[in-house]
Amino acid sequence: MAVDLLLGLQWGDEGKGKIVDVLTSNYNIIARFQGGPNAGHTLEFDGIKHVLRTIPSGIFHKDSMNVIGNGVVIDPVVFAKELEGLDQFDIDYKKTLIISRKAHVILPTHRLLDAASEASKGKAKIGSTLKGIGPTYMDKTGRNGIRVGDLELSDWKEKYRALADKHEAMIKFYNVDVQYDLEEMEVEFFEAVKVLKSLQFIDSEEYLYQAQKSGKTILAEGAQGSLLDIDFGTYPFVTSSNTTAAGACTGLGVAPNQIGDVYGIFKAYTTRVGSGPFPTELFDEVGAKMAKIGNEFGAVTGRGRRCGWLDLIALKYACQVNGVTKLMMMKGDVLSGFKALKVCTAYNYKGETITHLPYNIEPENLKPIYTDFKGWKEDLTKMTEASQFPKELNDYIDFLEKELEIPIYVVSVGPDRKQTIFR
Ligand code: GDP
Ligand code: IMO
Ligand code: MG
């Protein structure tokens, strides 16, 4: 069986967690392929809201296996807390959650390095979630990292000490004010490592290969969004992994010719949290209204998300680099009651009209050119099928499908599992 992918097409927080949860009943295995606790994937059902960080969003389904792939970076401390949050539910995670030996471990000093690096950047800071993601991936590519599989070796603590000492020297080099008590952090860390080690570690590429061979269905879950991709995102205001489809191949060991559907998720408007260019950002009461109705606050940091109109040019670019086969439009309900809607359909780039995403997208170089749409006033949140959609919403959807040349397979009309309409 082919492996299907699900990934975000914007700057993250598109609603990946919700949709993975909805789709899990169709899959035997859910596998996270990159990112780490910088992610916050929200699931809502039975009146309860869950936010997952490193654990795949299939965990609430008893019959599905959940794999944390080699491309993921794991902070044992965050992970142990995440498991603790699951304890009140009847989830046999020791059986249904398995972890790649090749996934890298986030150390306490990685978090400190993240803070030092951001502090040293001043105004140019990335707006990182400060979870140690960048420094951990740096150690991975620098070939210094500690992997989950290392935790099974007797000498891993020596390796840890050497790396932590090196990190402390690096923190001093930044010459910024980062207060910390490493001994205290280490007590928490080593306790959490014990919790991590109580789970099953696996050779996940082999596990997934055998699963595929035996006809199991697999859904790969992405974190962040395509515009935060280390190569194709708005560098340097990005995360440190490949969030795009190729990241699923390297982050799970799945061959490119084994990829089936690529589900691309986007919000009916756009949000971004952290720094970096955002051509369609709104600074007026319309943007504030989107943020309020959409409850646009980060699931991890609680920071307010910046809001703006849908950017079709950026969306096209994301569909292109990912090879999206099916689209999912989220949070259409948030736009109910907006008299007029706008979609960015071209850019004015240094005085010229262009329809692709160029290298420089800073406001001094690039301004959005909009196409106007009539808004809808109907409340979508109680609708259960597409035939109930108002004409204006159908016009909006039809336009996007025509421009992107990809069907919009799902329209989400609220945060709950049930508020999901398949077309
Ligand atoms: P993820 O990181 O892509 O999983 O997305 P987040 O969980 O960070 O952010 C999405 C937010 O929107 C969460 O609070 C979800 O509960 C919520 N959400 C998801 N889909 C919808 C929708 O269709 N309508 C509304 N109103 N909220 C939604
Ligand atoms: P999910 O999976 C939204 C953003 C941060 C910052 C930049 C780098 O929930 O969609 P990092 O901590 O990776 O060094 O931060 O990327 N960012 C996210 N924004 N959703 C996420 O994940 C994000 N993960 C990182 O805000 O701008
Ligand atoms: Mg999120």
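A residue counts as buried here when its relative accessible area is under 20%, and as exposed when that value is over 50%. The structure on screen is a predicted model.

**Stop 1: helix H4**

Select residues 108–121, which form helix H4. This helix has 14 residues. From its first C-alpha to its last it reaches 21 Å, close to the 20 Å expected at 1.5 Å a residue.

Now colour H4 by burial. The helix is mostly covered, with ten of its 14 residues buried. At the start of the helix, look for Pro108, Thr109, His110, Arg111, Leu112, Leu113 and Asp114, which are among the buried residues. Ala116, Ser117 and Glu118 are buried as well.

What do the buried residues of H4 pack against? Add these elements to the view: helix H2 (76–86), strand S8 (104–105), helix H5 (133–141), helix H6 (156–174) and helix H7 (182–197). The buried residues of H4 pack against each of them.

Before leaving, step just past the end of H4 to Gly122, where phi is positive, at about 60°.

**Stop 2: the surroundings of ligand 2**

Select ligand 2 and show the residues around it. There are 20 of them, and the closest are Asp13, Lys16, His41, Thr129 and Thr239.

Three polar contacts can be checked with the distance tool:

- Asp13: a polar backbone atom is 2.7 Å from an oxygen atom of ligand 2.
- Lys16: a polar side-chain atom lies 2.7 Å from an oxygen atom of the ligand.
- Ser128: a polar side-chain atom lies 3.0 Å from an oxygen atom of the ligand.

Turn on the protein surface next. On its own, ligand 2 has 550 Å² of accessible area, and the protein covers 97% of that.

**Stop 3: helix H10**

Select residues 285–293, helix H10. Start one residue earlier, at Asp284, which caps the N-terminal end of H10. A side-chain oxygen of Asp284 lies 3.1 Å from the backbone nitrogen of Val286.

Within the helix, pick out Gly287, Met290 and Ala291, its buried residues. Why do they lie on the same side of H10? They cover an arc of only 95° around the axis, so they share that side. Rotate to the other side of H10 to find Glu285 and Lys292, which are exposed.

Return to the buried residues and show strand S13 (306–308), which they pack against. The tour ends just after H10, at Asn295, which takes a positive phi of about 50°.

Methods
Residues numbered from 1 in each chain as written. Chains lettered and ligands numbered in written order. Predicted model: local features only at pLDDT ≥ 70, side-chain atom pairs only at ≥ 80, totals over all residues. Heavy atoms only, no water. Helix = DSSP H or I, 4+ residues; strand = E, 2+ residues; numbered from the N terminus. Expected span 1.5 Å × (residues − 1). Buried < 20%, exposed > 50% of the residue type's maximum accessible area, 1.4 Å probe, protein only. Contact = heavy atoms within 4.5 Å. Arc of directions from axis to C-beta. Polar contact = N/O pair within 3.5 Å; in protein donor to acceptor, adjacent residues only side chain to side chain. Near = heavy atom within 4 Å. Areas by Shrake-Rupley, 256 points an atom, 1.4 Å probe, with all protein chains shown as cover.
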